[in-house]
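Subject: The structure I promised

Hi,

Here is the structure I said I would pass on. Have a look at it first, and then read my notes underneath.

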Amino acid sequence: MTRGSPPGRQPAFAIAQRLLAPALVALVLASSAAQAGFQAEEDLSPSVATLLSQAIADRPVPADYATRAEVASWIIQMGPRLAQRIPDAAERRDLLATVHYESIRAGLDPQLVLSVIHHESGFKKYAVSSADARGYMQVMPFWTRVIGGVEHNLFHLRTNLRYGCVILRHYLDRENGDLFLALGRYNGSRGQPVYPSAVAAAMRRYEPGGGSSPVIASIALGTGVPSK
């Protein structure tokens, strides 16, 4: 389930080869169909199920959240990058504020979550995959039964992002902070490079610093990074 101790790791260059082959990345970027939403239903211990249920418990975005200095600055930076996909400024601002809030709440990098949405649904609110995964983060419906409530609407912005961020955080914890494996588990392709490669490529689109984030490096090298 988890990686071995550092002495047993593959050499960094060998791991990076899984992700950084230009032809592979180009192929991923050229594809318009995301391989999304194949999270496998698993038997959760009662304690883990309780913790995840508590994590998705309703705590809405504070009314003033988008106007807070750090958040407002981030929204201003990210807004133009989503303008073609979400032309309505108010809808775009609401999405970005919710992405930022739910990411930080789950201990995730907001650019990482944006990149997952970019690849999973292309920012389509009502996207449905062939496996019936739903919404922005392509959440499988079984999660509402396992950790939430069957009345939860996965096409609702905040509900979808709350579930998606909590699930990704859960997978990251299971993989001891290894983003390469956690992203693969989220996509149902654990250990394969295509999906983590696509997310890493999307992160370069949303990184204010031009793709120099340690999160991108951690995906490529299969190493953990501190929580935000």
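Buried here means under 20% relative accessible area, and exposed means over 50%, with partly exposed in between. Keep that in mind for what follows, and keep in mind too that this is a predicted model.

With that cut-off, Phe123 is buried, because its relative accessible area is 6%. I bring up Phe123 since its phi is near 65 degrees, a positive value in a residue that is not glycine. Phe123 sits in the loop between α6 and α7. That loop also holds Asp132, another non-glycine residue with a positive phi, this one about 75 degrees. Is Asp132 buried or partly exposed? Its relative accessibility is 33%, so Asp132 counts as partly exposed.

Now the overall picture. The chain has eleven helices and zero strands, so to speak α-α-α-α-α-α-α-α-α-α-α when read along the sequence. Of its 228 residues, 50% are buried. If you take the contacts between residues at least 6 apart in sequence, 65% of them join residues at least 24 apart.

Next, the core. In soluble globular proteins, nonpolar side chains tend to be buried together. In this model the largest nonpolar core has 53 residues. Which residues have the most contacts inside it? They are Leu114, Met137, Trp143 and Tyr186. The elements that give two or more residues to this core are α3 (46-55), α4, α5 (89-106), α6, α7 (142-147), α8 (157-174), α9 (179-187) and α10 (194-206). The largest share comes from α8, with nine residues.

Two residues are worth a click while you have the core on screen. Leaving aside neighbours within four places in sequence, Met137 is in contact with Gln39, Val113, Val116, Ile117, Glu120, Asn160, Leu161, Gly164, Cys165 and Tyr186. The other one is Ile167, in helix α8. Ile167 counts as buried, at 1% relative accessibility. With neighbours within four places again set aside, Ile167 is in contact with Val139, Trp143 and Tyr186. Ile167 and Tyr186 are 19 residues apart in sequence, and their C-alpha atoms are 7.7 Å apart in space. Tyr186 is thus on the contact lists of both Met137 and Ile167.

On to the helix pairs; I looked at three.

The first is α4 with α6. The axes of α4 (residues 69-82) and α6 (residues 110-120) come within 13 Å and cross at roughly 20 degrees. That angle makes α4 roughly parallel to α6, and the crossing is right-handed. On the α4 side the contact is made by Trp74, Met78 and Leu82, and on the α6 side by Pro110, Gln111 and Leu114. By class, the residues of this contact are five nonpolar, one polar and no charged.

Then there is α5 with α6. Their axes come within 8 Å and cross at roughly 120 degrees, which makes α5 oblique to α6. The crossing of α5 and α6 is right-handed. Here Leu96, Val99, His100, Ser103 and Ile104 in α5 meet Pro110, Val113, Leu114 and Ile117 in α6. The contact of α5 with α6 has seven nonpolar, two polar and no charged residues. Pro110 and Leu114 turn up in the contact with α4 and in the contact with α5.

Finally, α9 with α10. These helices pack at an angle of about 110 degrees, with their axes 8 Å apart. How do α9 and α10 lie relative to each other, roughly perpendicular or roughly parallel? They are roughly perpendicular. The contact is made by Phe180, Leu183, Gly184, Tyr186 and Asn187 of α9 and by Tyr195, Pro196 and Val199 of α10. Its residues divide into six nonpolar, two polar and no charged. Tyr186 is one of the α9 residues in this contact, and it is also among the core residues with the most contacts.

That is what I have for now.

Cheers

Technical notes. Residues are numbered from 1 along each chain as its sequence is written. This is a predicted model: local features need pLDDT of at least 70, side-chain atom pairs count only at pLDDT 80 or more; totals for chains, interfaces and linings use all residues. Side-chain values use heavy atoms; hydrogens and water are left out. Axes are lines fitted to C-alpha atoms, for helices over the stretch in contact, and angles run from 0 to 180 degrees between N-to-C directions. Helices (H or I, at least four residues) and strands (E, at least two) are DSSP runs, numbered from the N terminus. Angles under 35 degrees count as roughly parallel, over 145 as roughly antiparallel, 65 to 115 as roughly perpendicular and the rest as oblique. A crossing is left-handed if the near helix is turned anticlockwise from the far one by less than a right angle, and right-handed if clockwise. Contact means heavy atoms within 4.5 Å. Ala, Val, Leu, Ile, Met, Phe, Trp, Tyr, Cys and Pro count as nonpolar, Asp, Glu, Lys and Arg as charged, and the others, Gly among them, as polar. A nonpolar core is a set of buried Ala, Val, Leu, Ile, Met, Phe, Trp, Tyr and Cys residues joined through side-chain atoms within 4.5 Å. Buried means under 20% relative accessible area, exposed over 50%, partly exposed in between (1.4 Å probe, protein chains only).
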